Every structure is written in C-alpha cells, then in structure tokens.
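Colleague: May I ask for a close look at one part of this model, namely the way its helices pack and its interior is filled? Please begin with the confidence of the prediction.

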Amino acid sequence: MKLTKRDIESARYEGHAARCGWSRCVLWDSMLPGFGLRIYPSGKKTFVLFYRAAGRSRFMTLGPYGVLTLDQAHKLAQKKLAEVIDGADPLAERQKAARGATMKMLCADYLERHAKPHKKSWEADERRIDRHLVPAWGSRQVISITRADVAALHHDIGKNAAPYEANRTLALLGKMFECAILWGYLPDNATNPARKIKKYHEHARDRWVTPEEMPKLATAINAEPNIYIRSALWLYLFTGLRRSELLNLRRDQIDWTRQELTLPDTKAGRPHYLPLSGPAMAILRQLPVEEGNDYLFPGRRHGRPLVELKMAWGRIRTDAGVPDVHIHDLRRTVGSWLAQAGNSLHLIGRVLNHSNPSTTAIYARFQNDTVRQALEDHGRRIAAIAGGQEAEVVEIRKAAG
C-alpha cells in the first residue's frame with residue numbers, strides 16, 4: 001500500500017510486531033520500493049530505505065517522523081535510490097563520514113597525499129595548517145565544520161591586518177574540503193563549507209629597495225658575520241630567485257664554465273636556466289665548501305641547507321634604516337630595477353621565472369620612467385638639430401562671451 005499520513009499516525013508496534021516476528025517492524029510503501037516506516041517498541045517512528053548495492057543488502061535510516069514529513073522523506077528516498085542506480089552506496093558514504101575523522105587527521109592526509117606530491121609551495125600550506133587550522137579545529141570532526149565556522153576563522157585572521165593570509169587560508173580550506181569529499185571524509189553530495197565566502201580585498205605590495213637606500217643596505221649586509229647568510233642575501237639581489245630556490249641550491253646546479261644556474265624543478269613547473277652575472281659568480285666562488293654538504297649555503301644541521309634568513313634579515317634591515325622592507329622585496333627589487341633600466345616585461349618574466357604574465361605586470365609602471373627619459377632625450381635631440389631654437393609657445397585664451 002502507499003503510505004499515508006493516516007497510516008503513519010495510526011501505526012502501532014504491537015500489531016505489526018506479531019506479524020513481523022522481530023523487533024524491526026516496517027510499514028512498506030508499495031509505490032516506492034524499499035521505502036518504509038520503521039516502528040519501535042517505544043513508539044518512535046523512523047523513515048527507512050532498503051536497497052542493494054554491489055550485491056549487498058543495505059538498510060538505511062533516513063530520519064525520524066516529525067523531523068521529516070512524509071513528503072520530505074519520500075523525496076529523500078528517491079534521491080538516494082537515484083544514487084544507487086548511478087553506482088553509489090549512500091549508506092557506506094554516510095558511515096565513512098561518521099567515522100569520527102578529525103580535522104587534524106584530514107590536515108595530515110592532505111599534506112601527504114596532495115600538498116607534498118603536487119605543490120612546490122607545500123611548506124606554506126603546512127605553516128598555515130599549524131598556525132591556524134589545527135589550533136582552531138584540530139580535535140573537531142571534519143563533518144562538523146560549517147560555512148559559518150570557516151567564515152568566522154577567515155574573519156579572525158583578516159581582522160588583524162592580514163587579508164592576504166586570510167584569503168590564502170580560505171583557498172587552502174577550499175582545496176582541503178574538495179579532497180575530503182574525494183577521499184570519503186565527507187559524503188559525495190556534501191557542500192564545500194569554504195565556498196561562497198567573500199574574500200578580503202588585497203592591495204598588491206609595492207615595496208622595493210630604491211637606489212638611495214641601496215648603499216646603507218649594502219653596508220648592513222656586508223656587516224653580517226655569517227658568510228653564508230651574507231652571500232645568500234647578495235645572490236637574492238643579483239638573481240631574483242625565490243627564497244626556497246636560493247637556499248636549496250646545490251653546487252652541481254652551477255655551471256662554472258658557462259656561468260649559468262639550473263633549477264630543474266620550479267614553482268612554474270618547468271626547468272629554469274639563469275645566466276649569472278660577474279658579481280654573482282664572484283660571490284659563489286668565494287663561498288667556503290663544507291665537507292659532506294652539497295648545498296651552497298650550509299645550515300646548522302650537518303648536510304642540510306640554511307633554513308631561514310628571517311632573524312638575520314631583521315637585524316640587517318633595521319641597521320639599514322629600511323624596517324618595512326621584507327625579504328621577498330629583494331626579489332621584487334630585481335624586477336623593478338630591470339624595468340627601470342628599460343627591459344621588457346617579457347624579459348623580466350623570464351628572469352624571475354613567472355608562470356603568469358599578470359604577475360610580471362606589476363613592473364609595468366616602472367617603464368613609464370623609461371618612456372619619460374626616452375622622450376626627454378628625444379626632445380633634446382630635436383632641439384639640438386634645430387640649432388638650439390625653442391618652439392614658440394602661444395597662450396590660448398578662451399574667447400569672451
């Protein structure tokens with residue numbers, strides 16, 4: 001028979017228990033196979049769904065009567081049966097989601113299965129996980145995280161004048177929850193809670209070391225007692241390499257004859273061949289070789305490279321009187337100085353190994369200075385050829401009336 005509201009409200013456990021012969025007493029709907037109402041000895045009534053998936057019989061609870069109406073339960077059953085037809089097992093997916101997997105577990109899985117194998121910048125993901133995600137949600141179940149939770153965390157990170165960090169963390173969460181759905185932490189039909197959250201407006205950072213600031217900065221760098229840190233900072237300014245690329249350089253990546261540096265695997269996803277200037281080669285040639293360490297810039301741990309320049313850079317920029325210059329601004333300095341020297345954006349993109357031309361476009365405004373100088377030189381040449389005569393300037397007045 002087709003279930004009706006009257007059937008549901010009048011159903012009692014005792015009468016059906018006798019016919020069933022067991023405690024699982026169900027009123028089945030004849031119009032939708034597998035859909036029914038389970039009646040408990042306590043009088044509780046719950047909508048259920050019976051189906052077969054991959055040769056297995058499955059008995060799934062849809063929800064209690066009262067929370068779900070008959071019409072809502074009927075539509076939900078139809079949806080689940082459609083998933084079964086498509087080859088899914090709705091109950092198995094629900095059970096995976098209910099295993100109690102925590103955000104800390106998902107974070108660890110994400111780093112090992114996605115970030116480290118596929119992202120050059122996985123260390124940035126790990127830092128954001130350790131700084132923001134694990135402290136906030138480490139012990140919470142993945143399935144419990146809502147869009148409101150994500151929005152609140154995004155707001156908390158951004159309100160402390162860190163909109164860029166907030167937006168990158170939001171993007172990280174978006175990818176992590178995509179993986180969570182793919183890996184069974186969440187049901188296939190789950191909504192990604194990091195979606196549809198408005199990002200903070202970001203202002204592109206536009207700081208670089210000016211020619212007026214460079215002498216004091218050079219003095220401060222040369223005062224650094226650690227030769228590897230001192231040399232690394234100079235190579236930063238001579239080459240424009242990314243910090244991780246620079247610190248992980250090995251001696252076999254330098255062609256000392258061709259004066260060329262090779263990065264076989266870069267963030268742009270392609271090998272990068274970079275010619276080395278005379279000053280850069282001079283820095284490299286005077287670097288002491290540490291026995292048993294192939295890295296150009298050895299760190300404190302034997303056989304390992306320098307890990308961080310942050311503490312030394314903090315001292316250097318303070319001594320140089322440029323406390324607002326970040327270490328990444330040294331790479332930006334290379335791009336801006338190349339642009340001011342009249343080099344094309346294409347060439348600058350090649351030097352800095354940008355994968356996206358829009359990244360290089362930040363240096364376009366510096367080319368205005370080159371254009372201005374070119375026109376200034378052009379005007380002087382024209383004046384010289386004209387015998388030093390100046391063009392007559394006629395003041396144009398607006399006619400009265």
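Modeller: Over residues 388–401, pLDDT (the predictor's confidence in each residue, from 0 to 100) stays under 50, and the model has two contacts beyond four places in sequence for this stretch; contact means heavy atoms within 4.5 Å. Residues 16–23 also stay under 50, with eleven such contacts. This is a predicted model, in which local features need pLDDT of at least 70 and side-chain atom pairs count only at pLDDT 80 or more, while totals for chains, interfaces and linings use all residues. Residues are numbered from 1 along each chain as its sequence is written, and side-chain values use heavy atoms, without hydrogens and water. The protein chain has a mean pLDDT of 83, and 84% of its residues reach 70 or more. Helices (H or I, at least four residues) and strands (E, at least two) are DSSP runs, numbered from the N terminus. Among these elements, helix 7 (residues 147–158) has the highest mean pLDDT, 95, and helix 2 (residues 13–20) the lowest, 50.

We now turn to the interior. A nonpolar core is a set of buried Ala, Val, Leu, Ile, Met, Phe, Trp, Tyr and Cys residues joined through side-chain atoms within 4.5 Å, where buried means under 20% relative accessible area (1.4 Å probe, protein chains only). The largest such core has 40 residues, and Leu-217, Leu-233, Phe-297 and Leu-330 have the most contacts inside it. Several elements supply at least two residues each, among them helix 9 (214–222), strand 6 (260–263) and helix 13 (310–319). Helix 10 gives the most, with eight residues. A second, separate core of 29 residues includes Leu-133, Ile-145, Ala-166 and Trp-183.

Leu-233 merits attention. Beyond its neighbours within four places in sequence, Leu-233 touches Ile-221, Leu-309, Trp-313, Ile-316, Ile-327 and Leu-330.

Leu-233 also takes part in a helix pair. Axes are lines fitted to C-alpha atoms, for helices over the stretch in contact, and angles run from 0 to 180 degrees between N-to-C directions. The axes of helix 10 (residues 227–239) and helix 14 (residues 329–340) cross at roughly 30 degrees and come within 7 Å. Leu-233, Tyr-236, Leu-237 and Thr-239 of helix 10 meet Leu-330, Arg-331, Thr-333 and Val-334 of helix 14.

Another pair is formed by helix 5 (residues 103–118) and helix 6 (residues 122–137), whose axes lie 10 Å apart at an angle of about 170 degrees. Helix 5 is therefore roughly antiparallel to helix 6, a term for angles over 145 degrees.

How values were computed. Buried < 20%, exposed > 50% of the residue type's maximum accessible area, 1.4 Å probe, protein only. Parallel < 35°, antiparallel > 145°, perpendicular 65-115°, else oblique.
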